[in-house]
Amino acid sequence: MKTDYELEIEQRVREYGFTLMDEALPEIGKEVEAVRVVQDRGFGGVILNTKRIVVPIVRTGDYEYTDLLNESRTLSQSEFLGWREPETNFESPSTSGEGASQGATAAE
């Protein structure tokens, strides 16, 4: 069961044209834009904060994704919230000015 906060984040992601990963997956081998969930961790693996950034990805297999911006390979579907076809002249709205150094922030 999702919390109201999680449902609100999903709604905001949909408003920007993203398809949730729970609803459909991108084609294997096709480059798309995706909302990646990045969690900074501290001592003992404690989550310090969560950022959602827009990055170019490619689905490389049934259960594997590559973040092309950060060159992170073999990521799982759970690393991403949603995806969409790439846009030209794309400007992603930023809901949080902090921590968006690796792409545009999609939702807080």
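The exercises below work through the fold, the confidence and the surroundings of strand β6 in a predicted model.

Residues are numbered from 1 along each chain as its sequence is written, and side-chain values use heavy atoms, with hydrogens and water left out. Local features need pLDDT of at least 70 and side-chain atom pairs count only at pLDDT 80 or more, while totals for chains, interfaces and linings use all residues.

**Exercise 1. Describe the protein chain as a whole.**

Step 1. Take the secondary structure, where helices (H or I, at least four residues) and strands (E, at least two) are DSSP runs numbered from the N terminus. The protein chain has 1 helix and 7 strands, in the order α-β-β-β-β-β-β-β along the sequence.

Step 2. Take burial, where buried means under 20% relative accessible area, exposed over 50% and partly exposed in between (1.4 Å probe, protein chains only). Of the 108 residues in the protein chain, 34% are buried.

Step 3. Take contacts, meaning heavy atoms within 4.5 Å. Among contacts with a separation of 6 or more, 54% join residues 24 or more positions apart.

**Exercise 2. State where confidence is highest and where it is lowest, by element.**

Step 1. Use pLDDT, the predictor's confidence in each residue, from 0 to 100. The protein chain has a mean of 86, and 81% of its residues reach 70 or more.

Step 2. Compare the elements. Strand β1 is highest at a mean of 98, and strand β7 (residues 104-105) is lowest at 50.

Step 3. Look for a run of low values. Over residues 94-103 pLDDT stays under 50, and the model has 20 contacts beyond four places in sequence for this stretch.

**Exercise 3. Find the strands that pair with β6, and give a bridge partner in each.**

Step 1. Locate the strand. β6 covers residues 80-84, and 5 of its 5 residues are buried.

Step 2. Apply the pairing rule, by which DSSP must find at least two bridges between two strands. β1 (residues 19-20) runs antiparallel to β6 and is joined to it by 2 bridges. β2 (residues 31-41) is also antiparallel to β6, with 4 bridges.

Step 3. Name the partners. Thr19 is bridged to Trp83, and Arg36 stands opposite Phe80.

Step 4. Examine Thr19, which lies in β1. With a relative accessible area of 27%, Thr19 is partly exposed. Beyond four places in sequence, Thr19 is in contact with Ala24, Leu81, Gly82 and Trp83. The C-alpha atoms of Thr19 and Glu85 are 9.5 Å apart, with their positions 66 residues apart along the chain.

**Exercise 4. Identify the aromatic pair and the elements it links.**

Step 1. Use the criterion: rings of Phe, Tyr and Trp (its six-membered ring) pair if their centres lie within 6.5 Å, with planes under 30 degrees apart counted as stacked, over 60 as edge-to-face and the rest as tilted. The whole structure yields 1 aromatic pair.

Step 2. Name the pair. Tyr65 and Phe80 are tilted, at 5.7 Å centre to centre and 55° between the planes.

Step 3. Place the rings. Tyr65 is in strand β4 (residues 65-67) and Phe80 in β6, so the pair ties together parts 15 residues apart in sequence.

Step 4. Check burial. Tyr65 counts as buried because its relative accessibility is 0%, and Phe80 because its value is 5%.

**Exercise 5. Characterise Arg84.**

Step 1. Arg84 belongs to strand β6.

Step 2. Its relative accessibility is 6%, so Arg84 counts as buried.

Step 3. The side chain of Arg84 reaches the backbone oxygen of Tyr16 at 2.3 Å.

Note on methods. A polar contact is a pair of N or O atoms within 3.5 Å; within protein, one must be able to donate a hydrogen and the other to accept it, and residues adjacent in sequence count only if both atoms are side-chain atoms.
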